[in-house]
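User: Could you take a close look at one part of this structure for me and then place it in its wider setting? I work at the bench, so please explain any cut-offs as you go.

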Amino acid sequence: MSKSSLNTLTLTQTIEGLKQKTFSLQELYGAINQAIEQNNQKLNAYLTLDDKALAKAEKTTHLPLMGVPIAVKDNFCTKDFRTTAASKVLDQFVPQFDSTVAKKLKEAGGVIIGKTNLDAWAHGSSTETSGYGRTLNPRNPNYLPGGSSGGSAAAIAADMTIAAVGSETAGSIRQPAAWCGVVGLKPTYGRVSRYGVAAMASSTDSPGPITKTVEDAALLLNFLAGHDPNDATSSPQQAPDFTAVLNKSIKGLKIGVIYQDIPGLEMVNEKLSEQLQVFKELGAQLETTKALDPRYAIGVYTVVQRAEVSSNLARYDGIRYGHDRSYFGPEAKRRQMLGTYTLSKGYAEKYYDLAQKVRTLFLEDNNQLFKKYDVLISATSPGFAKKIGATEGAAMFGELEDMLLEPSSLTGQPGISVPYYRDPKTHLFLGMNIVAPMWQEQRVIQVADAFEKNTQWNTWRNPL
Amino acid sequence: MVKSVVTPKDVEHIAKLAKIPVSPTEKRSFATAFEETLGVVNQLRQLDVTQTPTTHQVTGLENVWRDDEVDETKMFSQQQALANGTKVHDGYFMVPRILEEKDV
C-alpha cells in the first residue's frame, strides 16, 4: 500500500499496521491531513480541526488505540477544544471538561483529530440545518449526507479519518451511515454514557461508532461502552467484548424481515429481498413478518423528542456560556416551542401522554417479535440520499426519513446500518437496519459482519 | 379526524413561555408548521391505548443515587467557571437587569 493512501485503512488495519510498524504515525497523519486538505473545504465535514493531533498521537502509542485519529461529532464536549453543537449559540464555547466518550477515547489512546458537522443541536436528518453550512455526501456531492451525524459519516466515506463517533436520538447514526455507504451502530440506550453530550432527547440519546466496517464498529464500541456514574441512565451491567462475535456462523439464527407491506418502500424492499438471500445461504432462517406500522412512530417520536428538547434547551440562557436565545436557528426554535406547547396545561394529556402510550405499544410489539426472532431486519431509510436543499420548507423531513429507525430508538433497542446496495449511476448507497433486543449488540454485529463479509457492498473490503 | 388549530397568537404565547424571540413572519410560518406537525401526531388517535400504560424510560433503572460526597475532580476553579461567560466582571457573571427602579 502506498503511504499516501494510508487514510483508506480501516481501524482494525491501522492498529495492526502500527503494531507491525508497517508505517509510522507521521505517515498515517500525513495521508489523513492530505485527504482533509483536499476534501474538507468542499464537503464541510469538519467544523474544527486539531492541528496538534499528531503531537498528541505520538504520546499515546503505548495505549490500545495507539494514537489513531478519530473524528467526533461536535455535540460531544471536548476539554479546551471548541464545541458548538453546530449552533451559533455555542459559537465560541470551549468546554472546561471532557464528555465521557471523549475521555474514554483519549484514555484508550485515540486522538480526536477534529469535530464534525451536524444539524444544529442534532435536530435533523440532513446536516443541512447546521449553523455552519451543510455537509455534502462524499459519494456524490449533489446529495446530502443525512444526519444528524452527517459530518462523521462524510468524514468516514471520504477517508478523512480512520474511525468516527456520532450520536443517535432516532436515526442520527444509522441514517447518515446508510446515505454515505458506511457502517453506523446505535448501541442500546444506556450502554454508552451521555455525560457531556449536548442533550437532545434524554430518553433516547445514544452515542455510538460510525466506521468503515462492522468489525471496526465492534472494536470502537469496546472502548465507548460501560457504566458511568456521571450519567444516571447509563447501565451498571458489564459490557461484553463486542468483537467476540465477529466471523461467527449465523447458521440457525432466526431473522424476521419487517416493513415489507409499508407503502413507499417498494424500491428499497425489492432490492433488500435480493440481498437477503445471502442469509439463507449462510444457514439462517428468514421469514417475512408484520410489525407495528412505523408511521405511528413518527407521531410518537415527534412529541417525545420536542418535549425533551424544550426542557434540555431551556438551559441556554447566554449567561454562564454561549450566546442568548435569539441565536437559535429556526429549527431549534420550532422544536422547543412545540415541546413547550405539548407539555403545557391541557395539552400534556392530549399529546404527550398519548405518545408515551403508543411508545408502550412499540415496546410490546418488538418484545413479542423477539420471542420468535433473534433479529429484525428492514431498510434503514425509505430511499437513497436526498438532493441538497431537500429540507427547505419540509417541517417533518427528518421524522419521515427516519421512520424505519424511530421504533428501535423509542424502545432503546440496538441497531446497526450496513450497506446493501450501491446505485451504479448516482454512486449512492442503501443501508440495511438490523435490530436486536436490549443489550444484544453482539447479535446485530454478528449478523451485519456476516452480511458484509459475504457480499460486495463494503467499499473498503471491495475497493471500487 | 381531529384537527389541531394553531394561530399566530398561540405561537406568540408559546414563544413567551419558551423565552424565544420570534418575528411576525415566524409567528405565521410556525403556526402553519405546528398545525402540520400536530396533524401527524393526531394520527396516533387511530390506535386504542385506553388500557395501555405510558413508557417514560426503557432501562428499568430506578432510584439512581450517587454518594453524598464532594468530588473535587469535577469541581471548576473560579477561572474555569467564568471562562465561557460572555459578560464577566470582577469574578462575577453579569446578568441582564430584570428589575426597574420603579420596582425596587
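Analyst: **The chain A sheet and its surroundings**

In chain A, 76% of the contacts with a separation of 6 or more join residues 24 or more positions apart; a contact means that two C-beta atoms, placed from the backbone, lie within 7 Å. Please keep in mind that this is a predicted model, where local features need pLDDT of at least 70 and side-chain atom pairs count only at pLDDT 80 or more, while totals for chains, interfaces and linings use all residues. Residues are numbered from 1 along each chain as its sequence is written, and chains are lettered from A and ligands numbered from 1 in the order in which they are written.

Let's set the scene with chain A. Its secondary structure comprises 14 helices and 11 strands (DSSP runs numbered from the N terminus, helices being H or I with at least four residues and strands E with at least two). The radius of gyration of chain A is 20 Å, which agrees with the value near 23 Å for a compact globule of 464 residues (taken over C-alpha atoms, the rule being 2.2 Å times the number of residues to the power 0.38). Of those 464 residues, 62% are buried (20 or more other C-beta atoms within 10 Å of the residue's own; 12 or fewer is exposed, in between partly exposed).

Now to the sheet itself. In chain A, 11 strands line up as E1-E3-E2-E4-E6-E5-E10-E11-E9-E7-E8, an open sheet with mixed pairing (strands pair if DSSP finds at least two bridges between them). Strand E1 (46-49) and strand E8 (285-288) of chain A are at the edges with a single partner strand each, so one side of each has no neighbour in the sheet. On average, neighbouring strands are turned by 25° against each other, direction ignored.

Zooming in, E2(A) and E3(A) run parallel, paired over five bridges. A:Ala71 has A:Gly114 in E3(A) as its bridge partner.

Two helices lie against this sheet. Helix H5 (residues 150-157) of chain A crosses E1, E2, E3, E4, E5 and E6 of chain A, at about 155° to E4(A) (axes are lines fitted to C-alpha atoms, for helices over the stretch in contact, with angles from 0 to 180 degrees between N-to-C directions). Helix H8 (residues 266-281) of chain A packs on the sheet too, touching E7, E8, E9, E10 and E11 of chain A, and its direction makes about 105° with that of E10(A).

Helix H4 (residues 100-107) of chain A also meets some of these strands. Its buried residues include A:Thr100, A:Val101 and A:Leu105, and their cover includes E2, E3, E4 and E6 of chain A, along with helix H7 (214-224) of chain A. After H4(A) comes A:Gly109, with a positive phi near 90°.

Finally, the neighbour. Chain B has three helices and two strands, in the sequence pattern α-α-α-β-β. Its radius of gyration is 23 Å, whereas a compact globule of 104 residues would have one near 13 Å, and 14% of its residues count as buried. In chain B, residues 24 or more positions apart make up 40% of the contacts with a separation of 6 or more. Where the chains meet, 38 residues of chain B face 48 residues of chain A. On the chain B side, helix H1 (8-17) and helix H2 (24-42) are the elements giving two or more residues, and H2(B) gives the most, with seven.
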